[in-house]
Amino acid sequence: MLGQTAPNSPRGDSPSTGTAFSITTLLARTNNRPTIAVFLDLEKAFALASPHAIIAALVMKGIRGRRHAWLQDYLQHRRARVSFQGHRFSYRGFENGKPKDGILSPFLFSLLMEELVELPFREGTDLLSNADDLALVVTGRGNKLTRAQEALDLISDKCEELGLKISADNSRAMAIKDTTPACQLRVQGVGLAWTDSYKYLGV
């Protein structure tokens with residue numbers, strides 16, 4: 001598993017799985033070899049994530065009983081109300097009830113990212129994840145474009161299952177040490193733009 005978000009870190013910044021690890025892993029995979037890299041942008045990330053998918057991931061990790069019930073309540077049916085100048089308004093339910101800035105949110109989101117990076121990709125295909133920054137890296141022999149498209153199809157299907165949405169408009173593909181292909185890679189039917197430079201995790 002490469003570049004998985006650290007579950008106990010709000011930003012995924014730990015010495016072994018944080019930003020530096022993801023960058024060095026990407027550089028190691030692409031060092032002096034023809035590579036196709038696809039940088040994927042997730043729309044609203046945790047805000048769109050399926051509570052049911054998160055609960056299922058927690059069950060797979062062995063979370064049951066009262067903890068399971070508490071987390072289920074934490075993720076669903078949340079309400080809030082506004083208090084202004086002594087007046088309290090009625091409670092309103094959130095359209096999407098997951099607490100984006102909650103202390104548990106980065107850990108819960110990392111469970112979904114773990115499911116993505118563990119997809120059964122073909123040899124020479126890796127998905128790096130640092131929080132919601134995803135980089136698909138395809139190296140090795142054979143048709144890299146075909147393998148990249150197969151991986152994108154797997155990722156797209158899994159994202160749909162997890163309630164996540166890839167923004168094709170904000171995602172980019174890059175051919176490294178190779179000629180940029182004439183055809184586009186596609187995410188859910190939308191072509192990805194090719195680029196010759198990309199700022200990944202601030203670099």
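**Exercise 1: aromatic pairs.** In this predicted model, find how many aromatic pairs a search of the whole structure gives, then work out which parts of the chain the pair of Phe 39 and Tyr 198 ties together.

*Solution.*
- Step 1. Run the search over the whole structure, and you get 3 aromatic pairs.
- Step 2. Take Phe 39 and Tyr 198: their ring centres sit 4.3 Å from each other and the planes make 10°, a stacked arrangement.
- Step 3. Place the two rings. Phe 39 belongs to strand β1, while Tyr 198 is in the segment after β11, so this pair ties together parts 159 residues apart in sequence.
- Step 4. Check the exposure. Phe 39 is buried, at 4% relative accessible area, whereas Tyr 198 is partly exposed, at 33%.
- Step 5. Look for further rings. Phe 39, Tyr 198 and Tyr 200 are linked into a cluster by ring pairs.

**Exercise 2: a pair inside one helix.** Decide whether the rings of Trp 70 and Tyr 74 are stacked or edge-to-face.

*Solution.*
- Step 1. Get the geometry: the centres are 5.3 Å apart, with the planes at 15°.
- Step 2. Apply the cut-off. Planes under 30 degrees apart count as stacked, so Trp 70 and Tyr 74 are a stacked pair.
- Step 3. Go back to the chain. Both residues are in helix α3, 4 residues apart, which puts about one helical turn between them.
- Step 4. Add the burial of Tyr 74: with 12% relative accessibility, Tyr 74 counts as buried.

**Exercise 3: the two sides of α3.** Work out which residues of α3 (residues 65–75) are buried and which ones on the other side are exposed.

*Solution.*
- Step 1. List the buried set: His 68, Leu 71, Tyr 74 and Leu 75.
- Step 2. Look down the axis of α3. The buried residues fall within an arc of 125°, so they line one face of the helix.
- Step 3. Turn to the other side of α3, where Gly 65, Arg 66 and Asp 73 are exposed.
- Step 4. Ask what covers the buried residues of α3: the cover includes α2 (51–60) and α4 (105–117).
- Step 5. Move past the helix end. His 77 follows α3 and has a positive phi, near 55°.

**Exercise 4: α2 and its ends.** Find what the buried residues of α2 pack against and which residue caps the N-terminal end of this helix.

*Solution.*
- Step 1. Collect the buried residues of α2: Pro 51, Ala 53, Ile 54, Ile 55, Ala 57 and Leu 58.
- Step 2. Trace their packing, and you reach α3, α4 and α5.
- Step 3. Inspect the N-terminal end of α2. Ser 50 is the cap, with a side-chain oxygen 3.2 Å from the backbone nitrogen of His 52.
- Step 4. Step just beyond α2, and Gly 62 shows a positive phi of about 95°.

**Exercise 5: the sheet and its helices.** Work out the strand order of the open sheet, then say which strands α4 and α5 lie across.

*Solution.*
- Step 1. Write down the order of the 5 strands: β6-β7-β1-β8-β11, with mixed pairing.
- Step 2. Mark the edges. β6 (125–130) and β11 (193–194) each pair on one side only.
- Step 3. Zoom in on β1 (residues 35–42) and β8 (residues 166–176): they run antiparallel and are joined by 7 bridges. Phe 39, back from Exercise 1, has Arg 172 of β8 as its bridge partner.
- Step 4. Lay on the helices. α4 goes across β1, β6 and β7 (133–138), at about 170° to β6. Helix α5 (residues 144–162) lies across β1, β6, β7, β8 and β11, and runs at about 20° to β1.

Note on methods. Residues are numbered from 1 along each chain as its sequence is written. This is a predicted model: local features need pLDDT of at least 70, side-chain atom pairs count only at pLDDT 80 or more; totals for chains, interfaces and linings use all residues. Side-chain values use heavy atoms; hydrogens and water are left out. Buried means under 20% relative accessible area, exposed over 50%, partly exposed in between (1.4 Å probe, protein chains only). Helices (H or I, at least four residues) and strands (E, at least two) are DSSP runs, numbered from the N terminus. The arc is that of the directions from the helix axis to the C-beta atoms. Contact means heavy atoms within 4.5 Å. Two strands pair if DSSP finds at least two bridges between them. Axes are lines fitted to C-alpha atoms, for helices over the stretch in contact, and angles run from 0 to 180 degrees between N-to-C directions. Rings of Phe, Tyr and Trp (its six-membered ring) pair if their centres lie within 6.5 Å; planes under 30 degrees apart count as stacked, over 60 as edge-to-face and the rest as tilted. A polar contact is a pair of N or O atoms within 3.5 Å; within protein, one must be able to donate a hydrogen and the other to accept it, and residues adjacent in sequence count only if both atoms are side-chain atoms.
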